[in-house]
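Here is a brisk tour of one protein model. Keep the sequence and the 3D view side by side as you read.

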Amino acid sequence: MATKKTTTSKATAAAAPAKLFDLSVEELKSSIVKHLHSTLGTDENKANKRAWWNATCAATKELAFERLRQTQKTHYTQDTRAIHYLSLEFLMGRLLSNNLHNLEVFEPAAQALKELGMDINDVCDEEPDMALGNGGLGRLAACFIDSLATLGYPAIGYGIHYEHGLFRQEFQDGRQIERPDEWREYGNPWEICRPESTQDVPLFGYVETVFDEAGALRKKWHPGRVIKGVPWDVPVVGFGGKTVNILRLWESRASDFFNWDVFNAGGYVDAQVENAEAEAVSKVLYPNDETEAGKALRLIQQYFFCACSLKDIIRRFRRVHNGNWAKFPEQVVIQLNDTHPTVAIPELMRLLIDEYQLNWDDAWGISRRVFNYTNHTLLPEALEKWAVHLFERVLPRHLEIIYEINRRFLNDEVEAKWPGNDEIKRKLSIIEEGNVRQVRMGNLCVVGSSKVNGVAQIHSDLVKRDLFPEFDQLWPTKILNVTNGITPRRWLKACNPRLAAALTEKVGYGWETNLDKLRDLAQYADDAEFQQEYMAIKRANKEDLAKLVKELTGIDISADAIFDVQIKRLHEYKRQHLNLLHILALYRRLLENPNYDMHPRVFFFGAKAAPGYKLAKDIIYAINKIAERINNDPRIKGKLKVVFMPNYRVTLAERIIPAADISEQISTAGKEASGTGNMKMALNGALTMGTLDGANIEIAEEVGDDNCVIFGLTVEQVEAIQAKGYNSWDYYYGNAELKAILDWLDTDFFTPGKPGELSAIKRSLLEGGDPYLVLADFDAYSEAHKRADAKYRDSKGWARSMIINTACMGKFNSDRSIEDYARDIWYLTKCDV
Ligand code: 26Q
C-alpha cells in the first residue's frame, strides 16, 4: 500500500504544468474588493451575497476579457478560417465556477473569498442558470463551444438573446406549473452589448421583378417591416484560458427608422405596438422539444437570428476580402444545429444574388460549400416543416429562392440519377405536396449542405437507412457520424471536485483535456484501497445530495440506498413511465411481502414537460402522486423512496450526477438519437441501466457488458414486433403483475377520493396501442433491475465497475467530437493565441 501511495503522489508532484494566470490569493482578494467598491458601489461590510458574486464575476471577467482581446487580435491578424455554430439554443448553465476552473484560478479564488469571509460555493449559488435551451441539443452546443475554445479553434456561436429562457418548473399538488425564467432580472455580468454591430432584419412585404442597368432581371424585396438585432457577447473561456471565443446572442428591437414613420404620422400608440411586436421576437424560448409547432413567431425567430448572423459573418469577411467571394468558403464554415437555422441557406443565396449581384451558379457553389447540418432526431413529429403560405407571407423572397433550389435539384441532379422517376422526385422534393403544401426543412438542409451528420453511430446509420436513403444513394459520402460528447471540465472537474482530485492523484495532471488518460485508472479497478476511496467519494456526494433533497422537497433519504437516476426531458419515447411501472412493481412486491429481498432504493426523477404535452404532464403528476404515497407508507420501512426534483436544469444536474449509482437510459431502441446525460453519469461512476439505443451502445462497448446493465428489445426486434402487429393487450393479459399495476392506476389508491386521475397512462398503453413498446420491455426491465440489485450488494464488484466506467469514458469527451468535426467536416486548423 505504502509503495502505491508514493507512486501516485509522484504522478501529481511530477507534472504540475504551468498555468497561464499565476495569480496570488492577495491579488484576487484586492481585485474582488476593488470591484465591490467601484463596480458595485458597496463595501466588504455592507455587501450581500449577490454583490460578492457580482464582484467575483467582475474580477474573473477582467482575466477573460484580456484573453478575449488577444484571441480576437490573433484571429484577425492571421485571417483564420472559422467555424460559425448556428443554434437556436445554448444551454450554458452558470458561468462563474466554470470560468474560474477554465482559467485555472478556482482554488486561489476560493481561498481569496474564504479570507474575505465568504464561501465560494455560496457565492456561485447566487448565479441564475443561463437556460437558453430545452435539453440535449442546447447543452451539446454549450459543450461544443467549450471544446472549440479549449482546443484553440477559431469559432463563434450564434444564437438568440432570449429575455426568458426555459420556464421555471413548480409543482402544485403534483402538477407541473410553468413560471417565467428571469435570468437577467438584475443584469448579467458576463455579457456585453455591442450596439455598434446592430443589424437590420427585413420581414414580410412583397417581391418586385426589375431590370438593372445592364438589362438583367433582378428581384427586389420590399419588406413590410424592418426590425433590428442587437448583439450581446458572452466570453467562452477555453480550458487553460489561452483561447477565449465569443458566443454572440441577438436581441430584437424595433428599428428606429421604422418607428419614426409611424410616429410622424401621428401614431404614437401604434409605434408602441410596433415596438412590442419587434421585441416579442427574442422574448421567449419555445419550450417544445421534439415537436414541431409551426408557429409564425418561431419562423420569425429563426430567420431573425440567421439574418443577423449572416450579415455579421459577411461584414467581417468583407473587411478583409471585400468582393473576393471565391474566398468566402475558404474562410467561413457554418454548422446548422438541427434544421432550426435552415433558413440561413436561402438567406445566404438571397444576399449573394440580390445584394451582391452574384449569378445563381456561383452563389449556389459558395453556399453549398459553407453549410453543414447536424440531425438530432428521427421522430417524424420532430421533423420541421413550414406551411408554404406562412413562408410566403413572412419571407416571400426566400420562398422563391427555395422553389428555384428545388427546381434545379429535381430537374438536374435527381433527373440525372433517376431519369423519369416521379416517385423519387416526390420523396426528395423540398416541397411536400398535399392539402397544405409545406417546406421540408430537412430536405432543404441536405440539398444545401456539404455534410450531414447524425450524433451516435446507430443514429447515423438510421439517418442513412430510414430518413434519407435516396439522398445517401445520390451522395454516398455526404452523410456521416460524429458521436456526441460532453466537456469533462464542467461534468467532472467542476461538478465533482472530490473525484477530480482523486483522479489527478492517480493518473496525474492533464486528464481534463486528454480524457483517455483516465484509462490508467483501470489498473486500480481491483485495488481495495482505491475501491474504498472511490466508494467514500460516491458516498460523500450522495450525502450532499440527500441534504439538498431534504431542503428542496422535505423528503428524508439515506445515502445507504442505491441512488437510481432518470434525468432528462419528459417524453413518451424516453419512457419515464416504464420506470414508474417498475417502481409500482417493487412497491407491490414489498406490500405483499415485507421481507421482499431488495437493497433500499431511491428513484430520482428530474424532467420538464413541454407545456402543451398532455400525457407528459400526466406522467409527471402520476410520479408525484405515487411518490407521495410510497414515501409516506410506513409498511415498507423506507426501503423504497421516490424523489421528483423540481425545476431540473444544468445546475441541478451538476448536483445529481456525481451522486448517481444507476443511470436510467431506457428509451425505445431507435428513438433516442444519442443521449448525453448517459455519458455524464458514466463518467461520474454510475452504471448505465440502458437499452441498446443511441450512445448507450457505444458506452457499453467502451465499458464492457459486466460494467453496465443492458436490457430490452433491439432496433431489429422493435421493427420485427411492429411489422408483425404489436398488441399491448397480450402483455397485459399475459403478465399478472403488470395487469395488477396497470389496474392500480384506475383506482384512487394514489389520489384519494379521485379515482381515474392516473388512468391516462394506462389508456395510452392499452387503447392507445403503446407506441413506444413499454409493456413489451417491462419484463426485461424488471429482470435487469434484479441483476443491478444483486450486483450492488457485491460492493467490491460494484466499486470495480464504477472505476471502469470512469476509466473508459475518454471517447465521450466533447473535445474528441470537435476534433472529428474539424477533421471530417470543417477542415479547420487550430490557432495559437
Ligand atoms: C422545434 C420546432 C419548434 C419549436 C421547438 C423545436 C425543437 C426544439 C428543441 C425541437 C427539438 C429540440 C431539441 C431536441 C434535442 O434536444 N434533441 C436531442 O439532442 C441531443 C444532442 O444531440 C441528443 O443527445 C438527444 O438524443 C436528442 O433527443
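Two strands pair if DSSP finds at least two bridges between them. Strands (E, at least two residues) and helices (H or I, at least four) are DSSP runs, numbered from the N terminus. This is a predicted model: local features need pLDDT of at least 70, side-chain atom pairs count only at pLDDT 80 or more, and totals for chains, interfaces and linings use all residues. Residues are numbered from 1 along each chain as its sequence is written, and side-chain values use heavy atoms, with hydrogens and water left out.

**Three-stranded sheet**

An open sheet of three strands runs in the order 15-17-16, with antiparallel pairing. Strand 15 (385-387) and strand 16 (431-432) are the edges; each has a single partner strand, so one side of each lacks a neighbour in the sheet. Strand 16 and strand 17 (residues 438-440) are antiparallel and joined by two bridges. Ile431 stands opposite Val439 in strand 17. Helix 17 (residues 441-448) packs on this sheet and touches strand 15 and strand 17. Contact here means heavy atoms within 4.5 Å. The direction of helix 17 makes about 45° with that of strand 17. Axes are lines fitted to C-alpha atoms, for helices over the stretch in contact, and angles run from 0 to 180 degrees between N-to-C directions.

**Six-stranded sheet**

A second open sheet has six strands in the order 22-21-20-23-24-25, with parallel pairing. Its edges are strand 22 (640-644) and strand 25 (709-710), each with a single partner strand, so one side of each is left without a neighbour in the sheet. Strand 20 (residues 562-567) pairs with strand 23 (residues 662-665) in the parallel sense, over two bridges. Asp564 has Ile662 of strand 23 as its bridge partner. Helix 23 (residues 576-592) packs on the sheet, touching strand 20, strand 21 (601-606), strand 22 and strand 23. The direction of helix 23 makes about 155° with that of strand 21.

**Helix crossings**

Helix 23 also packs with helix 30 (residues 736-744), at about 105° and with axes 10 Å apart. The two helices, 23 and 30, are therefore roughly perpendicular. That label covers 65 to 115 degrees; under 35 counts as roughly parallel, over 145 as roughly antiparallel, and the rest as oblique. Residues in this contact include Leu581 and Leu584 of helix 23 and Leu738 and Ile741 of helix 30.

Helix 13 (residues 360-370) and helix 15 (residues 396-417) have axes that come within 13 Å and cross at roughly 90°. Helix 13 and helix 15 are therefore roughly perpendicular to each other as well. In helix 13, Trp360, Asp361, Trp364 and Arg368 meet Ile401, Glu404, Ile405, Arg408 and Glu413 in helix 15.

The table gives the make-up of both contacts. Ala, Val, Leu, Ile, Met, Phe, Trp, Tyr, Cys and Pro count as nonpolar, Asp, Glu, Lys and Arg as charged, and the others, Gly among them, as polar.

| Contact | Nonpolar | Polar | Charged |
|---|---|---|---|
| Helix 13 with helix 15 | four residues | no residues | five residues |
| Helix 23 with helix 30 | ten residues | no residues | three residues |

**A buried asparagine**

Asn337 lies in strand 13 (residues 332-337). Asn337 is buried, at a relative accessible area of 0%. Buried means under 20%, exposed over 50% and partly exposed in between (1.4 Å probe, protein chains only). The Asn337 side chain makes polar contacts with the side chains of Tyr85 (3.2 Å) and Ser87 (3.0 Å). A polar contact is a pair of N or O atoms within 3.5 Å; within protein, one must be able to donate a hydrogen and the other to accept it, and residues adjacent in sequence count only if both atoms are side-chain atoms.
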